[in-house]
Amino acid sequence: MVEKLKRVLSRFYIGLIILFLYAPILVLVMLSFNNSRSRVTWGGFTLQWYGKLFSNGQIMEALVTTLVLATASALAATVIGVLGALGIHAMRQKNYQIMMICTNIPLLNADIVTGIALMLWFVHFIPLGFGSVLIAHITFNIPYVILSVMPKIRQMNVSLYEAARDLGANAVYAFFRVILPQLASGIVAGFFMAFTMSMDDFVITYFTKGAGVNTLSTMIYGEIRKGIKPEMYALSTMIFVFVFVILLAANYWPGKKAQVQKPGYEI
């Protein structure tokens with residue numbers, strides 16, 4: 001009886017979590033097909049908001065700015081983060097601990113403090129605009145890359161690098177052919193983490209952007225008082241479906257590949 005009650009409660013708890021997480025997304029998807037601008041009245045099924053989405057210059061400009069900003073900042077943060085992680089790993093224990101503490105500070109610091117601090121710094125040296133937002137995103141993305149790559153560095157087999165050097169490979173060749181392949185999974189994870197954080201950021205972007213620069217998050221914030229356009233529901237649905245497909249592929253492909261490579265048994 002007790003075990004049955006535990007199973008019922010655990011299933012109820014999981015169902016409640018799923019409800020709170022995915023019910024708002026389901027409502028968003030339904031509104032993207034609603035033939036009405038009202039969020040409470042169903043006006044019938046339509047695809048017009050998807051058609052109007054691509055003809056809305058303001059939304060498409062914000063989307064392009066967001067994607068370019070996220071890609072550029074993630075690439076730059078990945079390069080700097082990988083080199084930084086290798087340098088930190090090579091330090092002595094005391095310096096290593098100090099640098100890891102400094103790396104964790106931006107993660108624990110409130111976004112509003114980071115945003116205001118960067119804004120005050122930028123206004124004295126460069127005009128606020130796309131460049132200032134890019135530098136800000138690179139800055140807060142670097143710690144995520146370092147924390148993603150560092151475990152792989154600790155697991156790395158340094159003997160392979162030393163063997164490559166003994167066999168005549170120069171430092172650059174050995175780095176790209178021996179070190180980077182061992183860190184590949186951590187680098188990819190760090191890049192996607194940085195890309196996601198950049199796409200998702202609002203507070204730091206809001207304080208460091210200049211006039212005329214808008215990402216999706218800042219554009220939506222500016223339109224809240226007037227009401228969010230139904231085209232944004234369509235765009236959010238497309239982003240959700242795109243991410244969902246990538247997650248399915250990422251989880252399905254490794255298992256499928258392992259199943260194909262699994263040796264068979266002959267009779």
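In the predicted model, helix H3 passes helix H6 in a right-handed crossing. Helix H3 comprises residues 57–89 and helix H6 comprises residues 130–155. The axes of these two helices come within 6 Å and cross at roughly 45°. Helix H3 is therefore oblique to H6, because an angle that is neither under 35 degrees, nor over 145, nor from 65 to 115 counts as oblique.

A second pair of helices was described in the same terms, since two packed helices are described by the angle between their axes and the distance between the axes. Helix H7, which covers residues 158–166, packs with helix H8, which covers residues 171–200. The angle of this packing is about 155°, and the axes lie 10 Å apart. Helix H7 is therefore roughly antiparallel to H8, because angles over 145 degrees fall in that class. The crossing in which H7 passes H8 is right-handed.

The surface was then examined for nonpolar side chains. A nonpolar patch of about 1,000 Å² is present on the surface. Among its members are Tyr 13, Ile 14, Ile 17, Ile 18, Leu 21 and Tyr 22, together with Phe 240, Val 241, Phe 244, Val 245 and Leu 248. Two helices, H1 (2–32) and H11 (230–261), each supply at least two residues of this patch. The largest share, six residues, comes from H1. Leu 248, one of the residues of the patch, lies in helix H11. The relative accessibility of Leu 248 is 47%, so this residue counts as partly exposed; the partly exposed class lies between the limits of 20% and 50%.

Individual residues of the two helices that supply the patch were also considered. Val 29 lies in helix H1. With a relative accessibility of 23%, Val 29 counts as partly exposed, because the buried class requires a value under 20%. Val 29 and Pro 151 are separated by 122 residues in sequence, and their C-alpha atoms are 38 Å apart in space. Glu 231 is found in helix H11. The relative accessibility of Glu 231 is 6%, and this residue therefore counts as buried. From C-alpha to C-alpha, Glu 231 and Leu 134 are 26 Å apart, while 97 residues separate them in sequence.

Two further residues lie in other helices. Thr 208 is placed in helix H9, which spans residues 203–208. Its relative accessibility is 0%, so Thr 208 counts as buried. Thr 208 and Leu 108 are 100 residues apart along the chain, and a distance of 19 Å separates their C-alpha atoms. Tyr 50 lies in helix H2, which spans residues 48–53. The relative accessible area of Tyr 50 is 15%, and this residue is therefore buried, because the limit for that class is under 20%. The C-alpha atoms of Tyr 50 and Gly 87 are separated by 48 Å, with these positions 37 residues apart along the chain taken as their separation.

Definitions and conventions: Residues are numbered from 1 along each chain as its sequence is written. This is a predicted model: local features need pLDDT of at least 70, side-chain atom pairs count only at pLDDT 80 or more; totals for chains, interfaces and linings use all residues. Side-chain values use heavy atoms; hydrogens and water are left out. Patches are made of residues with over 30% relative accessible area and no salt bridge: like charges are joined within 9 Å, nonpolar side chains (Val, Leu, Ile, Met, Phe, Trp, Tyr) within 5 Å. Accessible areas come from the Shrake-Rupley method with a 1.4 Å probe; for residues, only the protein chains shown count as cover. A salt bridge is a side-chain nitrogen of Lys or Arg within 4 Å of a carboxyl oxygen of Asp or Glu. Helices (H or I, at least four residues) and strands (E, at least two) are DSSP runs, numbered from the N terminus. Buried means under 20% relative accessible area, exposed over 50%, partly exposed in between (1.4 Å probe, protein chains only). Axes are lines fitted to C-alpha atoms, for helices over the stretch in contact, and angles run from 0 to 180 degrees between N-to-C directions. A crossing is left-handed if the near helix is turned anticlockwise from the far one by less than a right angle, and right-handed if clockwise.
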